[in-house]
Amino acid sequence: MVKPEWGRAAIYTQHGNPQDVIKVYDFKLEALPEDKILIENFVAPINPSDVNVVQGVYPLPKDRTEFTVKSNSAEGGVEKLVGTIGGNESIGRVLEIGSKVASISQQNFAVGDWVMFMSSPVASAWTTHTHVSPNEVIVLKNTHGLSPTQIASIKVNASTAYRMLLDIVKLEKGDYVIQNGANSGVGQIIIQLAKRWGYHTVNVVRGRENFDQLESFLKGLGADIVVKEEDLESPEVVALLADKPVRLALDCVCGPQAMKMVKHLKPEGVIATYGGMSKQPMPASAPILIFKDITFKGYWVSKWYKKNTPAKWLEMWDDIMTMMEKGELKEQVTTPINWFSGSGSSEKPLDIQEVQNAVTSTFTSGRKEIFVFTNNY
Ligand SMILES: NC(=O)c1ccc[n+]([C@@H]2O[C@H](COP(=O)([O-])OP(=O)(O)OC[C@H]3O[C@@H](n4cnc5c(N)ncnc54)[C@H](OP(=O)(O)O)[C@@H]3O)[C@@H](O)[C@H]2O)c1
């Protein structure tokens, strides 16, 4: 494995909308500190929370770092840049291990091991290469023969879906879960895990031209019922759900739309808000609270990671990867944004302006995308 002199990263120097503030740079990979590991990333998804971090509205403070970058000026050369690499989730491999790592880490790292990037105040994910402290990554000794793209969203989306179905209410087989944003990455995993664990799902999505196509995609994953958000209060949907034991609502939208979903919960049901895609506050009504005694709560998978040991994280990820290996669970659908052209030994980095264009358009595409830094894994 060759250790390159330069890495390439999507960096912001100030908060703002990522399409405006994220710039792609080639940065110098300095000598590896003794207590760090050099990682080569394969892939990194783009999550809504990553956008919020760049905007400066997500509680995940990131320090700024000084980089030596290749200058974009006509004269060329290098310049100093103080900024932050975007992203918070990636899969990569160990290229080099600092001489003190073995003595300060309980993890057993070897060159070539795959790692899951966890979190760091300094390091981030949208980069071809990075230096991380050993506690900022988890080594994955068994990746079940899966590709980086299959594993890429396990830490955030798949684990959130997994935990929310297990930890919020004690569901019984045959119970119904209603969720909005059902076509989201999290939503796709919720549908599949619920089906596998014996629960039914009511899946709320916004209406669209190709609704039928989306409905069949979600039903193909195991969705029982798919409804348009705008039909939630229609007599047909009210009648359809009247006798269904809907005990849990999973909400990534919030706002008045989420309240329409809450009305389908059975008395003493629970709604857990885990995202705020509508950017609207929740207008909980008195009758819902008084007569139906609905519990409103939040869910943040980061809290679960903080409360549990890495051994527990690995146990869950291993379960998820085993289901994927057996073909029982499909990863969320993503569109790859390659930072390279060619394949195999002919793979080479794209021109930096081409990567910049692809990265910028990612933030306005409306699609779920994933940066692919290399296919040589
Ligand atoms: N709390 C946690 O621990 C945790 C963990 C993981 C994810 N999350 C959150 O979960 C949410 C989904 O994440 P993801 O990565 O799965 O997202 P994603 O795949 O990018 O999908 C986004 C979803 O949001 C919907 N949406 C966007 N704007 C909307 C609006 N104004 N009203 C209604 N629906 C809207 C989209 O529907 P359309 O197709 O109609 O645009 C799509 O279903 C995000 O808010 C994310 O931050 C939270």
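This is a quick walk through the ligand site and the two helices beside it in the shell. One caution at the start: the model is predicted.

Start with the surroundings. The ligand has 23 residues around it. The closest are Asn 183, Gly 185, Tyr 299, Val 301 and Lys 368. What is the make-up of that shell, by nonpolar, polar and charged residues? Ten are nonpolar, nine are polar and four are charged.

Now the polar contacts. Take Asn 183 first. An N or O atom in the Asn 183 side chain sits 2.6 Å from a ligand oxygen. Next, Ser 184. Here the partner is a polar backbone atom, 3.5 Å from an oxygen of the ligand. Then Tyr 299. A polar backbone atom of Tyr 299 lies 2.8 Å from a ligand nitrogen.

How much of the ligand does the protein bury? On its own, the ligand exposes 920 Å². The protein buries 83% of that area.

Which elements give two or more residues to the shell? Two helices do: α5, residues 154-167, and α6, residues 185-197. The largest share comes from α5, with three residues.

So much for the shell; on to the helix pair. Two numbers describe packed helices: the angle between the axes and the distance between them. For α5 and α6, the angle is about 45°. Their axes are 8 Å apart. That angle makes α5 oblique to α6. And the handedness? The crossing of α5 past α6 is right-handed.

To recap: 23 residues surround the ligand, and the protein buries 83% of its exposed area.

Terms used:
Residues are numbered from 1 along each chain as its sequence is written. This is a predicted model: local features need pLDDT of at least 70, side-chain atom pairs count only at pLDDT 80 or more; totals for chains, interfaces and linings use all residues. Side-chain values use heavy atoms; hydrogens and water are left out. A residue is near a molecule or strand if one of its heavy atoms lies within 4 Å of it. A polar contact is a pair of N or O atoms within 3.5 Å; within protein, one must be able to donate a hydrogen and the other to accept it, and residues adjacent in sequence count only if both atoms are side-chain atoms. Accessible areas come from the Shrake-Rupley method with a 1.4 Å probe; for residues, only the protein chains shown count as cover. Helices (H or I, at least four residues) and strands (E, at least two) are DSSP runs, numbered from the N terminus. Ala, Val, Leu, Ile, Met, Phe, Trp, Tyr, Cys and Pro count as nonpolar, Asp, Glu, Lys and Arg as charged, and the others, Gly among them, as polar. Axes are lines fitted to C-alpha atoms, for helices over the stretch in contact, and angles run from 0 to 180 degrees between N-to-C directions. Angles under 35 degrees count as roughly parallel, over 145 as roughly antiparallel, 65 to 115 as roughly perpendicular and the rest as oblique. A crossing is left-handed if the near helix is turned anticlockwise from the far one by less than a right angle, and right-handed if clockwise.
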